Amino acid sequence: GNASPFSGDMRNVLHLRLLLGAPLRKATMESVASLTVNLPPGYSARSVLATPGDLAVFSSASNTPGPGMLEPSRWTCAGTTCTYTLRHGDAVHAGSVVFVSLVVDNPPQPMPQ
């Protein structure tokens, strides 16, 4: 990830590791459950990819890929946000670690340190 780290670079892939502090569950057809990732100002979210299973972070047993991957087709991206929407009966439990690979356009100007 982050193969295009410079300002103005397009289609940079950022791999995120998220630890959920609360459960997400869509218990009924009428309920809505989602997870939203907000990027810093200047970034533009394009899409979400399947996180590669060969990332160095997966060399640790606590970061084994599999259940911690959210289906890329359930994500929608617009502007600086990407939102994962759960289907009926889906649940992501509190304390779960999930991995997300975002395709973004970097800000046109360098970000301050």
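These questions and answers cover the fold, the burial and one sheet of a predicted model. Residues are numbered from 1 along each chain as its sequence is written, and side-chain values use heavy atoms, with hydrogens and water left out. Local features need pLDDT of at least 70 and side-chain atom pairs count only at pLDDT 80 or more, while totals for chains, interfaces and linings use all residues.

Me: What pattern does the protein follow along the sequence?
Reply: Helices (H or I, at least four residues) and strands (E, at least two) are DSSP runs, numbered from the N terminus. The protein has 0 helices and 8 strands. Read along the sequence, the pattern is β-β-β-β-β-β-β-β.

Me: What percentage of the 113 residues is buried?
Reply: Buried means under 20% relative accessible area, with a 1.4 Å probe and protein chains only. Of the 113 residues in the protein, the buried share is 30%.

Me: Which strands stand at the edges of the open sheet?
Reply: Two strands pair if DSSP finds at least two bridges between them. The open sheet has 3 strands in the order β3-β6-β5, with antiparallel pairing. Each edge strand has a single partner, so one side of it is left without a neighbour in the sheet. The edge strands are β3 (34-38) and β5 (75-78).

Me: Which residue in β6 stands opposite Ala78?
Reply: Strand β6 covers residues 81-85 and pairs with β5 in the antiparallel sense over 4 bridges. Opposite Ala78 in β6 stands Thr81.

Definitions and conventions: Buried means under 20% relative accessible area, exposed over 50%, partly exposed in between (1.4 Å probe, protein chains only).
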